[in-house]
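Welcome to this short guided tour. Please open the structure in your viewer and keep the selection tool at hand.

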Amino acid sequence: MSEVVQAVVKDKVSVAGIQAAEERLKEVVVRTPLIRSMNLSERYEANIYLKREDLQVVRSYKLRGAYNIMKSLTADQLQNGVVCASAGNHAQGVAYSCHHMGIKGHIFMPITTPNQKIKQVQLFGREHAEVVLVGDTFDDCYYEALKFSEQHQMAFIHPFDNPKGIEGQGTVGVEILDDMKGPVDLLIVPVGGGGLAAGVSTYFKAMSPQTKVVGVEPAGAPSMKKSLDAGQKVTLDQIDKFVDGAAVKSVGDLTFQICRENLDDMLTIPEGKICTTILQLYNEEAIVAEPAGALSIAALDFFKDEIKGKNVVCVVSGGNNDITRTEEIKERSLLYEGLKHYFIVNFPQRAGALKEFVNDILGPTDDITHFEYTKKNSREKGPALVGIELKNRDDFEALVKRMADRNFNCEYINDRPEFYHFII
């Protein structure tokens, strides 16, 4: 870790620091709206408010922390420029800050980063941002960026585990309490590395201690949940990177300490549920949310009995969603909702077998959406990979029974991800 980082980490996160960050950030951030959702409020019989950080300048809250860190550094610390590692949102925040402050930034991103996100970083940073693609994962990229910052004596702008960054993210909480006309009974905050949750919870615990503050993270990357349950920071061996804005193998040292003290609960949300929420937000609210941005709203179902008649705030953390992911989002949603099912079906290798399957096995509203089959004349039966979409999840048992009754031997593979991950 560079000397610059060590000097900053010794500071503590405080309400005064968050309030100072709010003043500092006024020159660059948008004061994002706090909007009452009519659809969600009616669905949950509560007052559901959305803090729309997807409408921030760089379409996520990350600008707040990045800019606050950089503005807190001295001219000597900034003279060689800055370095960061990010798969997307933090990179855009640092790039925008570099352009605004006229500072050179080296933005390290994984080789696997979608081209759309790379272009956004270049757009926000312009001539002040140099994108460096390295490593297949964020962790690979992060260590290369750290090494580069130390070799060239450049300030490293950490994506979440920096007190000034945490205080910058905490300004989201300042705006929420300023704009709410009544008490906040429940605040739901997405968690990746933990910077947003640490900052907002610090402010709320001091200024609105009666508020229940809950962190939510994807089930495929439960690094904060595992750490809190273990009572110490845990590094995961593997993660599902789908919720890229909140999928980290390890949370920060400082963010873990703060979240352990301030969070009242920590919840994990299945990726499929997040996908269903993304689609609902688009169709019902005209909100384009990235997977991490939909996390807090996806959690509402898990609190539906508790929140009736109460004031609930969900932080929509970002809206940097790549349109090329739409089909995967739909697929994951259908699988989670029990509306999409995959089978390996052993078809008799005779004329009319497929016609019989369509006529006698499928229900009136069932639809074949995937079919792979190669005829092999040396065998009586041939396997086919069949994907079937249902209109109602309750139709599944009847479908399976008809297969058995008609002697269509099959193997169900939805619960065998090593197979259907090749399809999605």
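Let us begin at a domain boundary in this predicted model. Across the interface of domain 1 and domain 2, 3 residue pairs are in polar contact, with both partners at pLDDT 80 or more. On the side of domain 1 that touches domain 2, you will find 7 charged residues, 3 polar and 3 nonpolar ones.

To see where this boundary sits, colour the protein by domain. Select 15-60 together with 163-329 for domain 1, 81-153 for domain 2 and 338-422 for domain 3. Place a marker at the C-alpha centres of domain 1 and domain 2: they are 24 Å apart. The contact draws 13 residues from domain 1 and 13 residues from domain 2.

How much area do domain 1 and domain 2 bury between them? The figure is about 1200 Å², and carbon and sulfur atoms carry 48% of it. Now select V58, N320 and D322 in domain 1, the residues that lose the most area to domain 2. Together these three account for 35% of what the domain 1 side buries.

Stay at this interface for one more count: the rule finds 1 salt bridge across it. Next, show D244 and K117 as sticks. Their side chains meet in a salt bridge, with N to O at 2.3 Å.

Now move to helix α12, residues 253-262. Which residues of α12 are buried? Highlight L254, T255, F256, I258, C259 and N262. To view their surroundings, add α9 (163-179), α10 (195-207), α11 (223-230) and the strand β8 (212-218); the buried residues of α12 pack against these elements.

The last stops concern backbone angles. Most residues other than glycine have a negative phi, and two residues are worth a look with that in mind.

Select E45, in the loop between α3 (38-44) and β2 (47-52). Its phi is positive, near 55°, and E45 is not a glycine. Is E45 buried or exposed? With a relative accessible area of 51%, E45 is exposed.

Finally, go to Q153, in the loop that runs between α8 (138-151) and β6 (155-156). Q153 has a phi of about 50°, again positive in a residue that is not a glycine. Switch on a surface display here: Q153 counts as exposed, at 54% relative accessibility.

Technical notes. Residues numbered from 1 in each chain as written. Predicted model: local features only at pLDDT ≥ 70, side-chain atom pairs only at ≥ 80, totals over all residues. Heavy atoms only, no water. Domains from an automatic or database assignment. Contact = heavy atoms within 4.5 Å. Buried area = accessible area lost by both parts, 1.4 Å probe. Salt bridge = Lys/Arg side-chain N within 4 Å of Asp/Glu carboxyl O. Polar contact = N/O pair within 3.5 Å; in protein donor to acceptor, adjacent residues only side chain to side chain. Nonpolar A, V, L, I, M, F, W, Y, C, P; charged D, E, K, R; others polar. Buried < 20%, exposed > 50% of the residue type's maximum accessible area, 1.4 Å probe, protein only. Helix = DSSP H or I, 4+ residues; strand = E, 2+ residues; numbered from the N terminus.
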